[in-house]
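Here is a walk through one protein chain, from its overall outline to a few individual residues. Please keep the sequence and the model in view while reading.

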Amino acid sequence: MALKKCVVPFQGTAEQEKALKATIAEHSGDKGALMPVLQKAQEIYGYLPIEVQTMISEEMGIPLEKVYGVSTFYAQFSLNPKGKYRISVCLGTACYVKGSGDVFNTLQKILGINAGEITPDGKFSLEDCRCIGACGLAPVLTVNDDVYGRLTGDEQELKDILAKYAE
């Protein structure tokens with residue numbers, strides 16, 4: 001049974017907002033402060049939802065479209081929350097020619113989500129990456145820091161991997 005896609009509402013706390021505003025104050029007047037502020041904001045919140053980008057825009061006096069542009073340009077930033085277990089499938093050349101595209105598609109089907117999304121229970125998020133440096137184990141996926149290689153893309157194989165994190 002596939003889970004339904006989830007749009008997680010923003011749930012920032014007063015403590016997080018205070019920490020973000022303190023970071024912005026630290027960089028007050030610094031040219032080029034947007035990058036370190038965005039990096040700290042992502043560290044504080046785990047991602048950069050529009051509510052956080054708006055706060056940064058207003059506090060720093062930077063147009064929201066510029067904040068959004070930087071947030072979406074750099075791969076280090078995420079506009080979506082991450083699950084407790086972050087699944088990343090390598091779609092680099094070595095993995096892709098050995099079937100990682102099938103692995104990725106099967107995981108989307110099993111989880112009922114697309115790239116960049118999170119399951120409704122907040123347990124799993126799914127993304128692709130270009131290379132994790134484990135080409136000899138192609139195709140490869142990671143779940144947080146755990147690496148799984150030489151995958152076949154078989155649905156049961158992937159369900160068995162996910163079951164390790166289901167508790």
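How much area does the chain expose, and what share of it do carbon and sulfur atoms supply? The chain exposes about 9400 Å², and 52% of that comes from carbon and sulfur atoms. The model is a predicted one. Its C-alpha trace spans about 55 × 30 × 25 Å along the principal axes. Of the 167 residues in the chain, 43% are buried.

The secondary structure consists of seven helices and four strands. Their order along the sequence is α-α-α-α-β-α-α-β-β-β-α. Among contacts with a separation of 6 or more, 61% are between residues 24 or more positions apart. The chain carries 17 positive and 21 negative charges, and the mean positions of the two sets are 3 Å apart.

Helix α2, residues 34-45, is a useful place to look in detail. With twelve residues at 1.5 Å a residue, α2 should span 16 Å, and its end C-alpha atoms are indeed 16 Å apart. Which residues of α2 are buried? They are Leu 34, Val 37, Leu 38, Ala 41, Gln 42, Ile 44 and Tyr 45. Viewed down the axis of α2, these buried residues fall within an arc of 160°, so they line one face of the helix. The spacing follows a general rule: an α-helix has 3.6 residues a turn, so residues three or four places apart point the same way. The cover over the buried residues of α2 includes α1, α3 (50-60) and α4 (64-73). After α2 comes Gly 46, which has a positive phi near 90°.

One residue of α1 shows part of the packing from the other side. Thr 23 lies in helix α1, which runs over residues 14-26. Is Thr 23 buried or exposed? Thr 23 counts as buried because its relative accessible area is 6%, and the cut-off for buried is under 20%. Apart from neighbours within four places in sequence, Thr 23 is in contact with Val 37, Lys 40 and Ile 44. Val 37 and Ile 44 are among the buried residues of α2.

Further along the chain, consider the loop between α6 (100-111) and β2, where Asn 114 lies. Asn 114 is partly exposed, with a relative accessible area of 40%. Leaving out residues up to four places away in sequence, Asn 114 touches Gln 108 and Leu 126. Asn 114 and Ser 125 are eleven residues apart in sequence, and their C-alpha atoms are 8.9 Å apart in space.

The later loops hold some backbone features worth checking. Most residues other than glycine have a negative phi, and most peptide bonds are trans. Where does the chain have a cis peptide bond? The bond from Ala 138 to Pro 139 is cis, with omega near -10°. Pro 139 sits in the loop between β2 (124-129) and β3 (141-143).

In the loop between β3 and β4 (146-148) is Asn 144. Asn 144 is not a glycine, yet its phi is positive, about 55°. Asn 144 is partly exposed, at a relative accessible area of 26%. Arg 150, in the loop between β4 and α7 (155-163), also has a positive phi of about 55° without being a glycine. Arg 150 is exposed, with a relative accessible area of 58%.

Conventions: Residues numbered from 1 in each chain as written. Predicted model: local features only at pLDDT ≥ 70, side-chain atom pairs only at ≥ 80, totals over all residues. Heavy atoms only, no water. Helix = DSSP H or I, 4+ residues; strand = E, 2+ residues; numbered from the N terminus. Buried < 20%, exposed > 50% of the residue type's maximum accessible area, 1.4 Å probe, protein only. Contact = heavy atoms within 4.5 Å. Expected span 1.5 Å × (residues − 1). Arc of directions from axis to C-beta. Areas by Shrake-Rupley, 256 points an atom, 1.4 Å probe, with all protein chains shown as cover. Lys, Arg positive; Asp, Glu negative; His and termini not counted. Charge placed at Lys NZ, Arg CZ, Asp CG, Glu CD.
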